Amino acid sequence: MAVITPQLITSLRTGFSKIFQNAYENTPSDWEKIATRVESKSSSNTYGWLGQFPRLREWVGDRVIKSMRAQAYQIVNRTFESTVEVSRADIEDDNVGIYAPLFEEMGRAVKVFPDELVFELLKNGHQNPCYDGQNFFDTDHPVFPEVDGTGTPTLVSNNDVPATGAGPAWFLLDTSKAIKPFIFQERTKPELETITSTDNSHVFMRDAYLYGVRYRCNAGYGLWQLAYRSQQPLTADNLKKAISAMKSFKADGGRPLGIKPTLLVVPTELEWQARALVEKQFLPNGDSNELYKVVDILVSPWLSS
């Protein structure tokens, strides 16, 4: 039977923290492939520059200053937690080994939590607004003839849904820019905190210690021009259609954005269709596959229905 001393409590905290940290560091995640990490310094961040694509002009005479259309897009940080209870009796009985998998799973869950936030945005982008007030995936994003957002806009679609027989959604993204299609905003780093003092009411009343993680963060939408959603069948013709549509996107003022799709994101049920499209060098008839390696593939379980 172990005697619970301050040294033992410190040793346990160190051991649990190491298990948590090892799992956190060794768990793969995908969100950084499609989202830009932004360090937040306050309760929220406002991204007023989204949608502003200033262009260079020859400097003749004075500078020409464009008053950009106000498009404030705000991401408010949220607070998340995960807490586990460790029985004092288990510590006294040298039975703490049963908790190792629990702290390992906590570390894994914290590491992939940004995946949950970011891929939920991707999955539901046809229902959630972005900086221009339209849903992130929509059929009528306004693109104005003047760079300052004036004039009669052209309506542009980045959402292809058939009138009937819509299938599972797949997504085409340009992740080559400094700003990616999504934003992951981090106010604090996740850390393992403890309550082990016998003066604490929880410890006194429940005869158990608390170990918990606190994490302040959130995710939001970047530029809709960097993303395309389709519920058409995932075929060569429809993939080409999506690529061509993205490459034609322009900024306010009519300047081509130079969009180059780099990543095909699919739910698990479309994995093998996607791989057949872009990872096979030759078609079944022996001809070369013109879509071979045209984009990378990311299969996400967070997108599955």
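The largest share of the lining of the second largest pocket, three residues, is supplied by α3. That pocket is a good way into this structure, which is a predicted model. Here is a friendly tour, starting at the pocket, moving to E186 in its lining, and ending with the chain as a whole and two backbone angles.

**The second largest pocket**
- Its volume comes to about 160 Å³.
- The lining is made up of 14 residues, and those nearest the pocket centre are Y24, R37, K111, E186 and Y215.
- At least two lining residues come from each of α1 (6-26), α3 (100-123) and β9.
- By residue class, the lining holds seven nonpolar, two polar and five charged residues.

**E186, a residue of the lining**
- E186 sits in strand β9, which spans residues 182-186, and E186 is among the residues nearest the centre of the second largest pocket.
- Is E186 buried or exposed? With a relative accessible area of 5%, E186 is buried, because buried means under 20%.
- Two polar contacts involve the side chain of E186: one of 2.8 Å to the side chain of K189, and one of 2.4 Å to the side chain of Y215.
- Y215 is therefore worth a look in the viewer, as Y215 also lies among the residues nearest the pocket centre.- Setting aside neighbours within four places in sequence, E186 is in contact with R37, V38, E39, S40, Y215, R216 and C217.
- R37, one of these contacts of E186, is also listed among the residues nearest the centre of the pocket.

**The protein as a whole**
- The protein has six helices and 14 strands.
- Of its 305 residues, 45% count as buried.
- Among contacts between residues at least 6 apart in sequence, 76% join residues at least 24 apart.
- The accessible surface is about 16,100 Å², and carbon and sulfur atoms account for 50% of that surface.

**Two positive phi angles outside glycine**
- D207 has a phi near 55°, a positive value in a residue other than glycine.
- Where is D207 placed? D207 is in the loop between α4 (201-206) and β11 (208-221).
- D207 is partly exposed, with a relative accessible area of 37%.
- K293 is not a glycine either, yet has a positive phi of about 60°.
- K293 is found in the loop between α6 (271-278) and β14 (296-299).
- K293 counts as exposed because its relative accessibility is 52%, and exposed means over 50%.

Terms used
Residues numbered from 1 in each chain as written. Predicted model: local features only at pLDDT ≥ 70, side-chain atom pairs only at ≥ 80, totals over all residues. Heavy atoms only, no water. Helix = DSSP H or I, 4+ residues; strand = E, 2+ residues; numbered from the N terminus. Buried < 20%, exposed > 50% of the residue type's maximum accessible area, 1.4 Å probe, protein only. Polar contact = N/O pair within 3.5 Å; in protein donor to acceptor, adjacent residues only side chain to side chain. Contact = heavy atoms within 4.5 Å. Areas by Shrake-Rupley, 256 points an atom, 1.4 Å probe, with all protein chains shown as cover. 1 Å grid on protein atoms, 1.4 Å probe; cavity = no way out; pocket = protein on both sides within 12 Å on 5 of 7 lines; lining within 4 Å. Points joined across faces, edges and corners; volume = space filled by probe spheres on them. Nonpolar A, V, L, I, M, F, W, Y, C, P; charged D, E, K, R; others polar.
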